[in-house]
Amino acid sequence: MKLLVISDIHGSPVYLKKVLDIFERENYDKLILLGDELYHGPRNPIPEGYNPKEVIELLNSYKNKIIAVRGNCDTDLDQELLYFPIMSDYKKLNVDGYEFFITHGHLYNKYHLPPSDKKVILIHGHTHVPCIENTKEYMYLNPGSISDPRQGTPHTYMIYKEKEFIKKDLEGKEINSIKLDECY
């Protein structure tokens, strides 16, 4: 299965269109949204091209290909406007024999791990800082933000294919990667 993972769109169709072009061109099976789809939030700057209504239209056209979780800026009203579920705090995905715990990051993160009887593959956004970290307890993957990167990082996303996570910038340049078979 080929997955494209993004977080923190914050109402910017400018960057979402770039990701959707990649999604189509590279033929991904699912688009994973790690929350904060529409609203920029009171602490965040207004992203380039801020237009939540356009983001709604774009995302709804992919409703059958999206797996999403709720971010700290997502509301019940957002759910009324989107044609796919976004209000779960987390989801567990079983892919290629591995369990991925996907969440936004404001509730579960590397400092507050989800309960598990095995090593956690934790995938979340929220910080706007991309990361691939592997420890004995968990593997932490963060695609960063497509619209509002932080700490000098570029606009980024993450892909999963053939038991490997690859972090890329929006120009398609690979930043780093991790192969699950080498970690387990």
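**Exercise 1. Is K163 buried, partly exposed or exposed, judging by its relative accessibility?**

Before you start, keep in mind that you're working with a predicted model.

*Step 1.* Find the residue: K163 sits in the loop that links β9 to β10 (164-169).

*Step 2.* Recall the cut-offs: buried is under 20% relative accessible area, exposed is over 50%, and partly exposed is in between.

*Step 3.* K163 has 30% relative accessibility, so it counts as partly exposed.

*Step 4.* Now look at the backbone. Most residues other than glycine have a negative phi. K163 goes the other way, with a positive phi near 60 degrees.

**Exercise 2. Work out where N27 lies, what its phi is about, and whether it counts as buried or exposed.**

*Step 1.* N27 belongs to the loop between α1 and β2.

*Step 2.* Its phi is positive, about 55 degrees, even though N27 is not a glycine.

*Step 3.* The relative accessibility of N27 is 57%, so this residue counts as exposed.

**Exercise 3. Trace the open sheet of six strands and find its edges.**

*Step 1.* Write down the strand order: β3-β2-β1-β9-β10-β11. The pairing is mixed. As a reminder, strands of a sheet pair through backbone hydrogen bonds, either parallel or antiparallel.

*Step 2.* Look at the ends of that order. β3 (66-68) and β11 (174-179) each have a single partner strand, so one side of each has no neighbour in the sheet.

*Step 3.* Check the twist: going from one strand to the next, it averages 20 degrees.

**Exercise 4. Describe the surroundings of strand β1, starting with its two partner strands.**

*Step 1.* Take β2 (residues 30-33) to begin with. It runs parallel to β1 (residues 3-6), and four bridges join the two. L4 has L31 of β2 as its bridge partner, while L3 stands opposite K30 in β2.

*Step 2.* Move on to β9. Here the pairing with β1 is antiparallel, over three bridges. L3 turns up again, standing opposite Y160 of β9.

*Step 3.* Now for the side chains. In a regular strand they alternate between the two faces of the sheet. In β1, L3 and V5 are on one side, L4 and I6 are on the other, and all are buried. Both faces of β1 are covered.

*Step 4.* Add the helix. α1 (residues 13-25) packs on the sheet and touches β1, β2 and β9 (156-161). The direction of α1 makes about 170 degrees with that of β1.

*Step 5.* Put the pieces together: β1, α1 and β2 form a β-α-β unit, and this unit is right-handed.

**Exercise 5. Decide how α1 and α2 are arranged, and list the residues that make their contact.**

*Step 1.* α1 and α2 (residues 52-60) pack at about 15 degrees, and their axes are 9 Å apart.

*Step 2.* Angles under 35 degrees count as roughly parallel. So α1 is roughly parallel to α2.

*Step 3.* The handedness of this crossing of α1 and α2 is left-handed.

*Step 4.* From α1, the contact uses P13, L16, K17 and L20; from α2, it uses E54, V55, L58 and L59. An α-helix has 3.6 residues a turn, so residues three or four places apart point the same way.

*Step 5.* See what else α2 does. Its buried residues are V55, I56, L58, L59 and N60. The buried residues of α2 pack against α1, β2, β3 and α3 (76-81).

**Exercise 6. Explain why β6 is called largely enclosed, then find its partner strands.**

*Step 1.* Five of the five residues of β6 (residues 120-124) are buried, so the strand is largely enclosed by the rest of the structure.

*Step 2.* Sort the side chains by direction: V120, L122 and H124 point one way, I121 and I123 the other.

*Step 3.* β5 (residues 98-103) pairs with β6 in the parallel sense over four bridges. Across this pair, F100 stands opposite I121.

*Step 4.* β6 is also joined to β8 (residues 138-142) by four bridges, and these strands run parallel. The bridge partner of I123 in β8 is L141.

**Exercise 7. Find out whether N44 is buried or exposed, and what it contacts.**

*Step 1.* N44 is in the loop between β2 and α2.

*Step 2.* With 16% relative accessibility, N44 counts as buried.

*Step 3.* Setting aside its neighbours within four places in sequence, N44 is in contact with H10, C73, D148 and R150.

Methods:
Residues numbered from 1 in each chain as written. Predicted model: local features only at pLDDT ≥ 70, side-chain atom pairs only at ≥ 80, totals over all residues. Heavy atoms only, no water. Pairing = 2+ DSSP bridges. Axes fitted to C-alpha atoms, helices over the stretch in contact; angles between N-to-C directions. Contact = heavy atoms within 4.5 Å. Buried < 20%, exposed > 50% of the residue type's maximum accessible area, 1.4 Å probe, protein only. Right-handed = clockwise from strand over helix to strand, strands pointing away. Parallel < 35°, antiparallel > 145°, perpendicular 65-115°, else oblique. Left-handed = near helix turned anticlockwise from the far one by under 90°.
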